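Here are a few exercises to work through with the structure open beside you. Try each one yourself before reading its solution.

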Amino acid sequence: MKKKSNFIRRSLISALSFLKDSVFAEEYTSRNGFLQGIDPRLKVASFALFFITAIFLKRAELLILLYGLCLLLALFSKINLGWFLKRTWLFIPVFSLLIVIPALFDIFTPGETLFTLNILRAKLVISRQGFFGARLFVMRVIVSVSFAVLLSITTKHFALLKTFRIFGIPQVFVMTMGMCYRYIYLFLKVVEDTYLAIKSRVGTRLDYKKGQHIVAWNISALWNRSYHLGEDVYGAMLSRGYTAEPVILDDFKTKSRDWLWLFFVVIFFVIILYIDRRVL
Amino acid sequence: MSNVVFELRDVYFSYLGKFEALCGVDIAIEKGKKVSVIGANGSGKSTLLHLLDGLIFADKGSVKFQGKELSERDFNDEDFSRNFRRSVGLVFQDPDIQLFCPTVKEDIIFGPLQLGIEKEEIKKRLDELVTILNIGDLLNRPPHELSIGEKRKVALASSLIINPDVLLLDEPTAGLDPLTTRHIMDLLISANASGKTIITSTHDLHIVEEISDLVYVFSHEKKIAKFGQVDLILEDIELLEANNLAHIHSHRHKDKIHIHPHVHLGHHPEEENLR
Ligand SMILES: Nc1ncnc2c1ncn2[C@@H]1O[C@H](COP(=O)(O)OP(=O)(O)OP(=O)(O)O)[C@@H](O)[C@H]1O
Ligand SMILES: [Mg+2]
């Protein structure tokens, strides 16, 4: 029992640092790849189209095509595909399963029976409609999450915030977004550091009961700590003149290649939605 | 409106309304002076510097910058805020907090960019600082991967590049090796010689003499125990002892243990060479 909870905790910690490294992998933003070279404004616009496509597509094949495009883009942006797959797939279960599992069963989505599960004598019937609806939903999540991760790892944080401002997203929201980003990062870092600190004090064979007594493990304490760190970091940003109207070194420059890219994406968007609607 | 940059009168500050951090502080700092703030851990030095940097605001009492009372509302005014940030720079005690960009270079140029300084000028200043602090190799690395001393140098560069008239430094030499400490001291002294006001918080009595005209000693009660010319303060062993700045030193000497008060002064190898 002891071993088990220890194992769970350790996996949780590594999952968290994994999460931290994936969303906050800024090193990719400075690589000399395809997406990194595109004007962030046009890039955000084109990704907005990708998100819309992912939400509206009804045919699984087309979603797979869209996903393929995403992976291809990652490849051209000098992102290690194995790395990218591992990172995105980590979120997908988190996002989708929680929402989708109830919808699988015919209590929520009535229809033809696909499988029947016998759990505790209660018959749980997975309906055909439930299954396919869920499959489509999961695929949409996969595609959207992949595109979101791709956008965030090929665009510098402050450049992204600046783009949001250019698109007329109000300052408060952009500021909040930046803060949330920072808090989550710091939270994950605090969890990681606390784990190390505990390890150094009590060793890896941390027993569960004892672990609970260590105040730092209290989630709210951890959150508090990252909140304070966040405040401090924000103070440091203010101190150096930050005003939620981020200024970045390289001004956005649109090359004809960028317009060509957006043009391609618009065409793609129109065609794929047309096929999707017509064949249905 | 004379030469006074900062004037604090009977300032109180507490965190979250319950953890007292400053209890009735009076300070006046003149333009172009070197001032240091010394005191035990938790005596309110960092709080004071944050207050001077307009990051927190007094609960009671007044804080004036160039004769004008600082209030939170003023910082909503973009022009005021920008002018203030250009004139006052703070090097945080914890470099991890100060460094938040993906690479060292981006971190260093963050401030001047936000403040609208010309890009050519930024580049020039960056090159200068990189040479002085010898951090050329670090420029493309993520700040969180650096050693503490390297981080401190980068944090220092990121504030110095703004070229403010008033520099607030929170323990700028903690954790630095003697030679780096020396370089940083020289940097600060030459900045002061060119007219900048320097306000340093430190425990390191080695450096106090060089970087202060005036010293404020913070007491455990979180107010000023004494202030005055640097030599007068450093002579006052009793005061220093009472505030954890000098400690009783014991060592073995021919089978006898000697105990005497001990102030870390003049132990610096480079210091002797320079004189
Ligand atoms: N964020 C905070 N929340 C609550 N109390 C705080 C906070 N920061 C500081 N304090 C308290 O305020 C007092 C003064 O702290 P401050 O950081 O100014 O001390 P300091 O002189 O800089 O100490 P050190 O030499 O250790 O850096 C301390 O008693 C501390 O416990
Ligand atoms: Mg301090």
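**Exercise 1.** Is S46(B) buried, partly exposed or exposed?

Solution. Keep in mind that this is a predicted model. Start with the number: S46(B) has a relative accessible area of 22%. Next, recall the cut-offs: buried means under 20% and exposed means over 50%. The value falls in between, so S46(B) is partly exposed.

**Exercise 2.** Find what coordinates the magnesium ion (ligand 2), and place those residues along the chain.

Solution. First, look for the donor atoms: they are OG of S46(B) and OE1 of Q93(B), at 1.9 to 2.1 Å. Then trace each one back. S46(B) sits in helix α1 (residues 45-52) of chain B, while Q93(B) is in the loop between β6 (88-91) and α3 (95-98) of that chain. The pair is 47 residues apart, so to speak a link between distant parts of the chain. Finally, check Q93(B) for accessibility: at 34%, it counts as partly exposed.

**Exercise 3.** Explore the largest nonpolar core, then look for another one.

Solution. Begin with the count: this core has 92 residues, and F50(A), F84(A), F6(B), L8(B) and I199(B) have the most contacts inside it. Its largest share, 11 residues, comes from helix α5 (residues 128-154) of chain A. Now zoom in on I199(B): among the residues it touches are F6(B), I29(B), V35(B) and L169(B). Apart from this core lies another, of 32 residues, including L126(B) and A191(B).

**Exercise 4.** Where does UniProt place the feature "domain: ABC transporter"?

Solution. The unreviewed UniProt entry puts it at residues 6-245 of chain B. That span is 40% helix and 26% strand, and its end C-alpha atoms lie 25 Å apart.

Methods:
Residues numbered from 1 in each chain as written. Chains lettered and ligands numbered in written order. Predicted model: local features only at pLDDT ≥ 70, side-chain atom pairs only at ≥ 80, totals over all residues. Heavy atoms only, no water. UniProt positions renumbered as here; feature names shortened; annotations may be inferred. Helix = DSSP H or I, 4+ residues; strand = E, 2+ residues; numbered from the N terminus. Core = buried A, V, L, I, M, F, W, Y, C linked by side-chain atoms within 4.5 Å. Buried < 20%, exposed > 50% of the residue type's maximum accessible area, 1.4 Å probe, protein only. Contact = heavy atoms within 4.5 Å. Donors = N, O, S within 2.8 Å, 3.2 Å for Na, K, Ca; no water. Lists of a residue's contacts leave out its neighbours within four places in sequence.
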